[in-house]
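Here are some short exercises to work through with the model in view. Try each task yourself before reading its solution.

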Amino acid sequence: MSANVSPTGSQPTSTYDSAFLKACRREPVPHTPVWFMRQAGRSLPEYRKVREGIGMLDSCMRPDLVTEITLQPVRRHQVDAAIYFSDIVVPLKAIGIDLDIKPGVGPVVERPVRTRADLDRLRDLTPEDVPYVTEAIGMLSRELGATPLIGFAGAPFTLASYLVEGGPSRTYENAKAMMYGDPGLWADLLDRLADITAAFLKVQIEAGASAVQLFDSWAGALAPADYRRSVLPASAKVFDAVASYEVPRIHFGVGTGELLGLMGEAGADVVGVDWRVPLDEAARRVGPGKALQGNLDPTVLFAGREAVETRAQEVLDSAAGLEGHVFNLGHGVMPSTDPDALTRLVEYVHTASAR
């Protein structure tokens with residue numbers, strides 16, 4: 001075996017031995033690794049500058065821009081992992097779904113998916129549909145060196161919610177109506193989205209991503225029995241499809257305290273936890289054999305340095321008995337967050353958790 005290849009034969013040792021990947025594998029770490037959801041985003045003035053006048057979807061399809069934006073928080077905050085800059089609807093756009101990301105609104109789908117005939121619009125995704133992803137990750141792998149890159153995708157339920165509702169929703173009335181009223185159509189929709197999502201993650205892993213995260217942003221809207229019956233099979237299909245790559249698989253949703261065990265059951269190696277459930281309690285719900293990720297409330301960052309450090313220490317204390325812990329916020333970085341507060345938080349966690 002070459003000296004620069006991991007024991008699995010798939011990743012360079014420089015990233016394989018990183019604190020982030022070790023924590024994901026529940027191995028001893030020199031310090032608790034940190035990264036932030038939405039770390040490459042509107043809180044950074046350098047992000048706003050390079051995105052000026054460029055639409056979100058266009059930004060996601062320009063390898064030079066994706067590379068620069070992905071690297072910005074690594075340079076500024078010294079986080080332990082980069083996350084690929086993209087959007088959960090990129091694979092849907094890539095297969096020809098007529099959608100756009102409208103500022104202040106979010107993804108809007110021109111023709112929502114409501115009938116069985118609409119499923120025909122959801123064709124398979126191939127690497128040729130997303131050449132910019134392969135190119136950008138190749139560029140990033142060279143730039144990042146020992147810092148791992150996390151690939152990501154939206155989970156089938158969250159993508160289905162956007163497709164069926166036609167845009168963001170607080171009630172998911174159309175999506176849930178399909179789930180309850182036409183379970184066969186719903187299952188077929190999620191199964192097709194699972195194939196598209198898995199294909200999108202495979203492109204990222206094959207291009208060089210060291211881990212992947214599945215964002216089920218809206219799964220917290222579901223009762224556990226509905227999640228188990230109507231959502232878990234599709235999420236499990238995604239995780240199964242990428243299992244052979246032997247990269248850590250992270251699963252995250254918002255408001256999913258009641259679903260944590262099920263989200264782990266779907267096949268994740270690392271379960272993301274929002275700020276509503278302490279990590280020691282989350283570990284009890286998830287059960288053994290999984291690392292956890294989280295879970296500082298993003299709004300704490302507005303409260304001043306002392307409060308941030310006090311609350312960060314509470315997270316670290318709650319995680320003290322975990323098999324593996326990746327420090328993160330309980331949701332994404334808010335746009336008006338002071339970037340310096342994030343930089344100081346990374347430094348605090350690294351220092352306070354040094355083994």
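**Exercise 1. List the buried residues of H12 and find what they pack against.**

Step 1. Helix H12 covers residues 232-242; helices (H or I, at least four residues) and strands (E, at least two) are DSSP runs, numbered from the N terminus. This is a predicted model, in which local features need pLDDT of at least 70 and side-chain atom pairs count only at pLDDT 80 or more, while totals for chains, interfaces and linings use all residues. Residues are numbered from 1 along each chain as its sequence is written, and side-chain values use heavy atoms, with hydrogens and water left out.

Step 2. Look for buried positions, meaning under 20% relative accessible area (exposed is over 50%, partly exposed in between; 1.4 Å probe, protein chains only). In H12 they are Leu232, Ala234, Ser235, Ala236, Val238, Phe239 and Val242.

Step 3. Now follow their contacts, which are heavy atoms within 4.5 Å. The partners of these buried residues are helices H8 (156-165), H10 (183-207), H11 (224-230) and H13 (260-265), together with E5 and E6.

Step 4. H12 lies across E5 and strand E6 (249-252), and runs at about 160° to E6. Such angles run from 0 to 180 degrees between N-to-C directions, with axes fitted to C-alpha atoms, for helices over the stretch in contact.

**Exercise 2. Trace the sheet and place E6 in it.**

Step 1. Strands pair if DSSP finds at least two bridges between them. Seven strands make an open sheet with parallel pairing, ordered E1-E4-E5-E6-E7-E8-E9. Its edge strands, each pairing on one side only, are E1 and E9 (325-329).

Step 2. Strand E4 (residues 149-154) is joined to strand E5 (residues 211-215) by five bridges, and Ile150 stands opposite Ala211.

Step 3. E5 pairs with E6 over four bridges, where Val212 faces Arg249. E6 then joins strand E7 (residues 270-272) through two bridges, with Val271 as the partner of His251.

Step 4. In a regular strand the side chains alternate between the two faces of the sheet. In E6, Arg249 and His251 point one way, Ile250 and Phe252 point the other way, and all are buried.

**Exercise 3. Describe the surroundings of Asp87.**

Step 1. Find Asp87 in the loop between strand E1 (82-83) and helix H6 (90-94).

Step 2. Which side chain of opposite charge is nearest to Asp87? Lys and Arg count as positive and Asp and Glu as negative; His and the chain ends are not counted. The answer is Arg38, 8.0 Å away, and the buried Asp87 has no salt bridge (a side-chain nitrogen of Lys or Arg within 4 Å of a carboxyl oxygen of Asp or Glu).

Step 3. A polar atom of the Asp87 side chain lies 3.0 Å from the backbone nitrogen of Val89. Leaving out residues up to four places away in sequence, Asp87 touches Met56, Cys60, Ile101, Pro107 and Phe152.

**Exercise 4. Look for backbone angles that stand out.**

Step 1. Most residues other than glycine have a negative phi, and most peptide bonds are trans.

Step 2. Gln78 has a positive phi of about 60°. Gln78 sits in the loop between helix H5 (63-77) and E1, and is exposed, with a relative accessible area of 53%.

Step 3. Glu246, in the loop between H12 and E6, also has a positive phi, near 60°.

Step 4. The peptide bond from Gly294 to Asn295 is cis, with omega near 0°; Asn295 belongs to strand E8 (residues 291-296).

Note on methods
A polar contact is a pair of N or O atoms within 3.5 Å; within protein, one must be able to donate a hydrogen and the other to accept it, and residues adjacent in sequence count only if both atoms are side-chain atoms.
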